[in-house]
Structures are given as structure tokens and as C-alpha cells.
Amino acid sequence: MLNIVLFGPPGSGKGTQSEHLIKQFELIHLSTGDILRVEIAAQTELGIEAQKKMDKGELVPDEVVISMISGIIERNKDAKGFIFDGFPRTIAQAESLDEMLSAHSTKVNLLIMLDVDEDEIKKRLILRGEKSGRGDDINIDIITNRINVYRLQTKPVSKYYKKQGKSFPINGMQTEEEVYSDIAHVMGKFVK
Ligand code: ADP
């Protein structure tokens, strides 16, 4: 399996770049944000609880997202690999992911880090909110909170993988095509 963590602050282009990756490589795209929004739309018990956190720009509890991911990995044992988008977002999630993958004799091969500065992120999220109506993208206080949560809880995950020599930084401030070209270049080291 080839397992990629697509990493970066909110609005750094993880979803957009995942779409390019899926087209080129036959990997399963696993976005915890998308899965949670499906649960919210269906108004499941999990979705209703998750929405309370997401509306404030806070993280959904680790146990909730870990069990979602674990189920999907179980159901896709024969996959060529996964693109993890928006997961892991805490060290506890990263440790669980490593355990889940090693139970299937596989691992995270690389983390692609999309670097985008905070002013640009704020602009992008507000614009995205205006277009999509996504609640957590409209309000500047919620956006600021998400950026703080990223800095405090999520950023350490990139160091966790950097220590393992698996982190590849990409300049996320370029055009969509330029960013993907850099990603494809890194992927070339892993896919022959
Ligand atoms: P973005 O990266 O643009 O913030 P996402 O769709 O990845 O968008 O996440 C939206 C929200 O969903 C997050 O602010 C958080 O509340 C929740 N969420 C998504 N993934 C996770 C996760 N792995 N752990 C905890 N909460 C998550």
C-alpha cells in the first residue's frame, strides 16, 4: 500500500490537491471533514454531536474520528493505498493511525505539508464561505479559532512524521497547478 497524509492548515488546498492525486493514482480519498459533513446532513447522532464542535471551530473528539477511520481501513484491506485528508489532526490520532496501519502490515509512507501563511488562509476561507455557505468558513472568530487549534493541536503532527523522515514541505502559495506539479514530483520518489 501507499499511504499519504495530506497535511496543512484549514484552507491550504488539501481537498483540491486530493482530487488531482486521486485522478493520477488509484488511492482511496479519506477526508474526515467530508465524512463528518455527510453525518451532519443525515442528522445522525454522531453528526449532531460533531456539528456542535465544528460550529465552534473545535476538533471532534479523537475516539469519534479514529473509529470512523478504523472502519474504513477495515473495509478496504485490498486497496492500493489511502490519501488521508484532514487526518490525523492530533498526536493521539497519528499514533492510532500508525497502529491501525501496522496491524495491516503497512504504514504512512509520506506526509505532504502544504505551507500557506495565515493572512492568505483567512482570505481563502472567507471566500470559500461566501461561495459554499459552509458555516465554519463564514465567521472570522470561528476561522481564527480553527487556525489556533491548528497551531496548537495539529501542527505537532507534522513534527511527529518529520522525526520519522517522512515530511515533504510544499509551497502552497503557488497556483493550483504549480502546487500539484510539486506534489507529483515528490510522489515520483515513491511510485515507480
Ligand atoms: P479544513 O481543513 O478546511 O478546516 P475540514 O473539512 O478538514 O476542513 O474540517 C472541518 C472541521 O471538521 C474541523 O474544524 C473539525 O471540527 C472537524 N474535523 C475534521 N477532521 C477532523 C479530525 N481528524 N479530528 C477532529 N476533528 C476533525
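How much space lies in the largest pocket? The volume comes to about 980 Å³, and since this is a predicted model, that figure, like the others on this tour, is computed from predicted coordinates.

**Stop one: the pocket lining.** Begin by selecting P10, G11, K14, R128 and R134, which lie nearest the centre of the largest pocket, and then extend the selection to the full lining, which consists of 46 residues. Sorted by class, that lining has 15 nonpolar, 18 polar and 13 charged residues. To see where the lining comes from, colour the elements that each supply at least two residues to it: the strands β1 (2-7) and β2 (28-31), together with the helices α1 (14-24), α2, α6 (118-132), α8 (140-163) and α9 (176-187).

**Stop two: the ligand and its shell.** Now display the ligand, which sits in the largest pocket, and select the 20 residues that surround it. The closest of these are T32, R37, E58, R128 and R146; R128 is thus a residue to keep highlighted, being also among those nearest the centre of the pocket. By class, the shell around the ligand has seven nonpolar, five polar and eight charged residues. Which helix gives the largest share of this shell? Select α2, residues 32-41, and you will have the element in question, with four residues in the shell.

**Stop three: contacts to oxygen atoms of the ligand.** Show the side chains of K14, R89 and R146, and take the distances one by one. A polar side-chain atom of R146 lies 2.9 Å from a ligand oxygen atom, a polar side-chain atom of K14 lies 3.0 Å from an oxygen atom of the ligand, and for R89 the corresponding distance is 3.1 Å. The ligand taken alone exposes 540 Å², of which the protein buries 97%.

**Stop four: two backbone details.** Most residues other than glycine have a negative phi, and most peptide bonds are trans. With that in mind, move to the loop between β3 (81-85) and α5 (91-103), where P88 has its place, and inspect the peptide bond from F87 to P88, which is cis with omega near -5 degrees. Finally, go to the loop between α2 and α3 (45-54), where Q43 is found; Q43 is not a glycine, yet its phi is positive, at about 50 degrees. With α2 still coloured, this last loop can be located from the helix that gives the ligand shell its largest share.

Conventions: Residues numbered from 1 in each chain as written. Predicted model: local features only at pLDDT ≥ 70, side-chain atom pairs only at ≥ 80, totals over all residues. Heavy atoms only, no water. Near = heavy atom within 4 Å. Polar contact = N/O pair within 3.5 Å; in protein donor to acceptor, adjacent residues only side chain to side chain. Areas by Shrake-Rupley, 256 points an atom, 1.4 Å probe, with all protein chains shown as cover. 1 Å grid on protein atoms, 1.4 Å probe; cavity = no way out; pocket = protein on both sides within 12 Å on 5 of 7 lines; lining within 4 Å. Sits in = over half its atoms within 2 Å of the grid points. Nonpolar A, V, L, I, M, F, W, Y, C, P; charged D, E, K, R; others polar. Points joined across faces, edges and corners; volume = space filled by probe spheres on them.
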